[in-house]
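These are my notebook entries on a structure that I had not examined before. I set down what I looked up, in the order in which I looked.

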There are 2 protein chains.
Amino acid sequence: MICGAAMDFANRLRPSHLALLMRIAETGQLQRAAQMAAMSQPAASRVLAEIEARAGGALFERHPKGMRPTALGALCIRHAKVILEEYGALEEEARRVTSGETGRVRVGAVTGPAVGLVMPAVRQVRAEAPDIEMTIGVGTSNELVRGLVDGHYDFIIARLPPNHDSRDFRLHPARNETVSLLVRPQHPLAGRREVTLAELLEHEWVVQELPSPIRQAVEAAFHSQTLDTPPRVTNSSSLLVVLALLESTDTIAPQTREVAQMLAHGALGAKLVELHLAEPIMVSPCFIIQNRFRPLHSAAERLLRAVFDHL
Amino acid sequence: MICGAAMDFANRLRPSHLALLMRIAETGQLQRAAQMAAMSQPAASRVLAEIEARAGGALFERHPKGMRPTALGALCIRHAKVILEEYGALEEEARRVTSGETGRVRVGAVTGPAVGLVMPAVRQVRAEAPDIEMTIGVGTSNELVRGLVDGHYDFIIARLPPNHDSRDFRLHPARNETVSLLVRPQHPLAGRREVTLAELLEHEWVVQELPSPIRQAVEAAFHSQTLDTPPRVTNSSSLLVVLALLESTDTIAPQTREVAQMLAHGALGAKLVELHLAEPIMVSPCFIIQNRFRPLHSAAERLLRAVFDHL
DNA sequence: GCACCACATATCATCTGAGGTATGCAGATT
DNA sequence: AATCTGCATACCTCAGATGATATGTGGTGC
């Protein structure tokens, strides 16, 4: 056997070679195949000759009118079709991934921006590129930042925890958040205008535990008016607990404005109202945070742009 | 879109690249993948970097302990498996064709060698390489030579027709043929030893038409003993006619020795016997003939060798 | 016999790609 | 802090692939 030369015939067959073979088979003429491949006829002739040399036999019978595949040639062409098909599929899918038409995005956010920023952005991207798989994580800023560092999130919207070096991140301020106070419609203060904090002191409250930003914001608001903080407080971050209390008692529940509005005015039919405060309660601002050294892939980039659109 | 660079990403992905990707994914380490591919780690690193540049995104996440595929990388690997599989199949099938383990052979022969040479050779090749598809054509030398010139046969075993330029062919003498005379067992001469031609003159004969070689050989045998040719002759080349006459009458039927032996002693159960002649009747010799300028492919080469083995 | 067509061959220039070694860099481990 | 591991980068070499032009060859058709 005259081995040695044909050591790995197929591995040296590049896709362009396969394409040439197919074009020759299609047209039956080397010349046409050559000009389809944007090369000169001699070049095509030589490429074919080299392939045949490595294959160890002729792939085409030379006829005066053109070329017709031999058994070996037909074999190659049969496989070439499959291979090129697969290459095309790979190219197409890769294009869709790199162009952000498909992919997986994982975004994290604290409750307010999750409702007010991420959800609209997700809906927008979902409409534009339905093949993107988006995962929205909601948690505390600390959890989110840890998730970002671990690579669990592509980017997050959270408050900046003090214990992380901000040089590791790329930050963009998100819009300011304010706190709304939710009550049930039967609450004595419901419908009142310009409610002061002092009036709220003696009511029941259900608030997230310290050191949550909302709790901090609420307490800061009282402190800034040299008031004590409300004494009758139930601690819970559970929305379930909050809703249960709101539904059955005259409890006041602070929530970010976005969440409050969703609950009060949304299509969910929750019968809740926002108190009208004399002065707004501001929460420490959120940031859009991404890992400085981990570039976003296209799908994530796309969602991020959508988030910016909704700032 | 930053097109232009990634014009045809997949087409520049060579099989070796795909293999590298798969090895990286398998081992999770660039180094191992590199040494599996018998290359240095930096080379592998650069290859990967180039692929990623063309793909438009990272294919692997770099971890301190190694590499893990990204979504894009997993996509490529998925397709790479299919492509490499197909390349492998192509290589394997091509190897079998070029090494003559499979393929199509078309051989032609006149009756004698068809039975005595080609059939044993075919059986041998069939046993060694069952995937070779063999076609045996039987005909007159003229038909066979025409078929050889037309490319219908890879090679033939025939007598040399005078009207063809023997420089177009490569010739090998096949073994000499002799004619046997078949009769039914009840024939008066059956079992007799040293039958002379003169004794045969007045019997019935069934012989091929002139200018068939057997007819020529028979007539030449009579002429060489200054005898007339048998007068009571039925002309037919049809084996069916011959067998019908032999079965029902005391007709003498000349056939090449191979055919006669197959009929008389074969497993077919034909009740026929060969006459025992005082002097053998020689047929003009056959040649193994191939087209001088059309090289045989491996499967044909293989069958040809088998034919030579049976010379 | 001559023109024509299609493929093959020759020759040259060019450049991509594959490979090597040496070295840098970052995270992890001890 | 020092070391180890694993990948990236820089720089150089070189074979082989690519591509164009010009020319040869072997058929068909007039």
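The entries below go from the overall form of one chain to the DNA strands and then to a cavity.

**Entry 1: the model and chain A**

I note at the outset that this is a predicted model. I began with chain A and looked up its secondary structure, which comprises eleven helices and 13 strands. I then asked how the extent of chain A compares with the globule rule. The radius of gyration is 33 Å, whereas the rule gives 19 Å for 311 residues, so chain A is more spread out than a compact globule. Along the principal axes, the C-alpha atoms of chain A occupy a box of roughly 100 × 40 × 30 Å.

**Entry 2: the annotated domain**

I looked up the UniProt record for chain A. The record, an unreviewed entry, gives the feature "domain: HTH lysR-type" at residues 13–70. In the model I find that this span of chain A is 60% helix and 14% strand. Its end C-alpha atoms are 18 Å apart.

**Entry 3: DNA strand C**

I next asked which residues are closest to DNA strand C. I found 19 residues around the strand, and the closest are Leu30(A), Arg62(A), His17(B), Ser40(B) and Arg46(B). By class, the residues of this surface are eight nonpolar, seven polar and four charged.

I then looked up where the surface comes from. At least two residues each are supplied by helix 2 (30–36), helix 3 (41–55) and strand 2 (66–69) of chain A, and by helix 3 (41–55) of chain B. The largest share, four residues, belongs to helix 3 of chain B.

I also asked what part of DNA strand C faces the protein. Of the strand's atoms within 4 Å of the protein, 62% are of sugar or phosphate, and the rest are of bases. Two contacts that I noted involve phosphate oxygens: a polar backbone atom of Leu30(A) is 2.6 Å from one, and a polar side-chain atom of His17(B) is 2.8 Å from one. For a base, I noted Gln41(A), which has a polar side-chain atom 3.1 Å from a base nitrogen of DNA strand C.

**Entry 4: DNA strand D**

I repeated the search for DNA strand D. Here 18 residues surround the strand, with Arg46(A), Leu30(B), Pro42(B), Ser45(B) and Arg62(B) the closest. I recorded seven nonpolar, seven polar and four charged residues in this surface. The elements that each give at least two residues are helix 3 of chain A and, from chain B, helix 2 (30–36), helix 3 and strand 2 (66–69).

Of the atoms of DNA strand D within 4 Å of the protein, 55% belong to sugar or phosphate. On the phosphate side, a polar side-chain atom of His17(A) is 3.4 Å from an oxygen, and an N or O atom in the side chain of Gln29(B) is 3.3 Å from an oxygen. On the base side, Gln41(B) places a polar side-chain atom 3.1 Å from a base nitrogen of DNA strand D.

**Entry 5: the cavity**

Last, I asked how many cavities of 30 Å³ or more the structure holds. I found one, with a volume of about 40 Å³. Its lining consists of Gly112(B), Pro113(B), Gly116(B), Leu117(B), Arg175(B), Glu177(B) and Glu258(B). Helix 5 (residues 111–128) of chain B contributes the most to this lining, with four residues. I class the lining residues as two nonpolar, two polar and three charged.

Definitions and conventions: Residues numbered from 1 in each chain as written. Chains lettered and ligands numbered in written order. Predicted model: local features only at pLDDT ≥ 70, side-chain atom pairs only at ≥ 80, totals over all residues. Heavy atoms only, no water. 1 Å grid on protein atoms, 1.4 Å probe; cavity = no way out; pocket = protein on both sides within 12 Å on 5 of 7 lines; lining within 4 Å. Points joined across faces, edges and corners; volume = space filled by probe spheres on them. Nonpolar A, V, L, I, M, F, W, Y, C, P; charged D, E, K, R; others polar. Near = heavy atom within 4 Å. Polar contact = N/O pair within 3.5 Å; in protein donor to acceptor, adjacent residues only side chain to side chain. UniProt positions renumbered as here; feature names shortened; annotations may be inferred. Rg over C-alpha atoms; globule rule 2.2 N^0.38 Å.
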